[in-house]
Amino acid sequence: MFYQKETLPNGVRILTQQVSHVRSVAMGIWVDVGSRDENDANAGISHYIEHMMFKGTKHRTAKQIAEELDAVGGQLNAFTTKEYTCYYAKVLDEHFDLAVDILTDMLFHSNISEQDVEREKNVILEEIKMYEDAPDELVHDMFAKTIWSGHALGRPIIGTSETVSSLTYKDLRSYMEQHYTPNRIVISVAGNISHQQVVEKLSPLFASMPNKENIRQLVHPVHTSQVNCRNKDTEQVHMVIGTPGLRLDDDRVYIVQVINTVLGGGLSSRLFQEIREQRGLVYTVYSYHSSYYDTGLFGVYAGLSKQNVGKAMELIFKEISDIKKNGITKEELQRSKDQLKGNLLLSLESVNTHMSRLGKSELYLGRVYKPEEIVEKLNKVTIEDTIQMANELFKPESFSMSAIGPWQDCGELKAAMEVLKD
């Protein structure tokens, strides 16, 4: 079988995929909670909790958590997104029990003490400062805030200095009790191990979780079209131009992926070839599409000198307009499909990728698509599909822009956007 699934009586879901030709196993514990579940007062708390999971348990110090998997050549890490949190490990198959023991120890027995919470607060505040000094990353959060003003999806995952400084030990404990419930936990395991082995190992550990259900209440974001810029003494201007995109369970996402690949998804893309290779206006330019439960985001990023901003904006809109009018060529269509299929199939040589696909797909879709199903959906995309999708996606009234660079106001950018997007 491609993958197998077991749902425990309390709602915890266990998904496995046996990959017999490898010697490794990857395991992830996915919690269906992220920064969009926060409010203005506790922004950053999901990420804060992720940090605290590594600070020691009733059975291990923080140092022992790090040392035990290092000692067997394993990997241990975690990440927080806007909609979920994942704690994961990768080990040789013979050390699977150790990985389970450490991950479940962190999840069930973490010592989230007041002293550790206060100490880690300084670490996160330094992380925020570091992030503020990386305009090429910061501009993407600015773009989300610009397009989803006032919504949780528009806030940075890491939070702000003000919100993080105000969070307490009790806040973290209360948030975990509310959101870390069995029905919002998915465990995915991929590698050289059978489904039965995994279920037999994990069931006794997770079945004991109290049968408490917490249903996420999604508030759909309302899109706003505006230009937002920040004055910062940087050598380059960092800008993102884009529109709302598609939710993850929308099958037309595959059409958007094809458009994205042709427009700015690689070295052979139109934007890279035209703006960097032919014109030499930028060092970096690319496009991307991000999908969430109920919406999405399509953006074009460029890093360039201030004097080149106007010309680059003109070329970006020129390529978008051409796709809206003419679609893409037969050669571009085939090349983008081959590129997307190649990226997908090559990534599946990693057990981490298998594990991630199981966890994320179960959270978002309630099922996992076979690679062959995805390839089939990509193969069905036509030039006519790209024209129709581009006209729906790139409506003039939907465009927003964020930029960081050395200027005093957004006047010239707003004026340029009004001219170009029409």
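This tour moves through two sheets, the helices that pack on them, the nonpolar cores and one residue of a further helix. The model is predicted.

**First stop: the six-stranded sheet**

Begin by selecting the strands of the open sheet ordered β1-β2-β6-β3-β5-β4, a mixed arrangement of six strands. Its edges are β1 and β4 (75-80), each of which pairs on one side only. From one strand to the next, the twist averages 15°.

Zoom in on the β1 edge. Here β1 and β2 are joined by four bridges in the antiparallel sense. To place one of the residue pairs, select Lys5, whose bridge partner in β2 is Leu15.

Now add α3 to the selection. This helix lies across β3, β4, β5 (85-92) and β6, and runs at about 155° to β5.

**Second stop: helix α8**

Select residues 195-206, the twelve residues of helix α8. From the first C-alpha to the last, α8 reaches 16 Å, close to the 16 Å expected at 1.5 Å a residue. Which residues of α8 are buried? They are His195, Val198, Val199, Leu202, Ser203 and Phe206. Turn the view until it looks down the axis of α8: the buried residues fall within an arc of 115°, and therefore line one face of the helix. An α-helix has 3.6 residues a turn, so residues three or four places apart point the same way. On the other side of α8, select Gln196, Glu200 and Pro204, which are exposed.

To see what covers the buried residues of α8, display the elements that include β1 (4-7), β2 (13-18), β3 (24-31), α3 (96-109) and β6 (185-191).

**Third stop: the five-stranded sheet**

Next, select the open sheet of five strands in the order β7-β11-β8-β10-β9, whose pairing is also mixed. At its edges stand β7 (227-231) and β9 (282-291); each has a single partner strand, so one side of each is left without a neighbour in the sheet. Ignoring direction, neighbouring strands here are turned by 10° against each other on average.

At the β7 edge, β7 pairs with strand β11 (residues 400-405) in the parallel sense over five bridges. Select Cys229 to find Ala403 of β11 standing opposite.

Two helices can then be added. Helix α10 (residues 270-278) lies across β9 and β10 (296-304), running at about 160° to β9. Helix α11 (residues 309-326) packs on the sheet and touches β8 (237-245), β10 and β11; the direction of α11 makes about 25° with that of β8.

**Fourth stop: the nonpolar cores**

Which residues touch the most other members of the largest nonpolar core? Among its 53 residues, these are Met239, Ile241, Met401 and Leu413. Centre the view on Met239 and display its contacts beyond four places in sequence, including Val139, Val300, Tyr301, Leu304, Met313, Ile316, Met401 and Ala403. Then move to a second, separate core of 47 residues, which includes Ile14, Met53, Leu172 and Met176.

**Last stop: Glu118**

Finish with helix α4 (residues 114-132), where Glu118 is found. Glu118 is partly exposed, with a relative accessible area of 42%. Leaving aside neighbours within four places in sequence, Glu118 is in contact with Tyr48 and Leu167. For a distance across the model, select Glu118 together with Pro182: the two are 64 residues apart along the chain, and their C-alpha atoms are separated by 28 Å.

Notes
Residues numbered from 1 in each chain as written. Predicted model: local features only at pLDDT ≥ 70, side-chain atom pairs only at ≥ 80, totals over all residues. Heavy atoms only, no water. Expected span 1.5 Å × (residues − 1). Buried < 20%, exposed > 50% of the residue type's maximum accessible area, 1.4 Å probe, protein only. Arc of directions from axis to C-beta. Contact = heavy atoms within 4.5 Å. Pairing = 2+ DSSP bridges. Axes fitted to C-alpha atoms, helices over the stretch in contact; angles between N-to-C directions. Core = buried A, V, L, I, M, F, W, Y, C linked by side-chain atoms within 4.5 Å.
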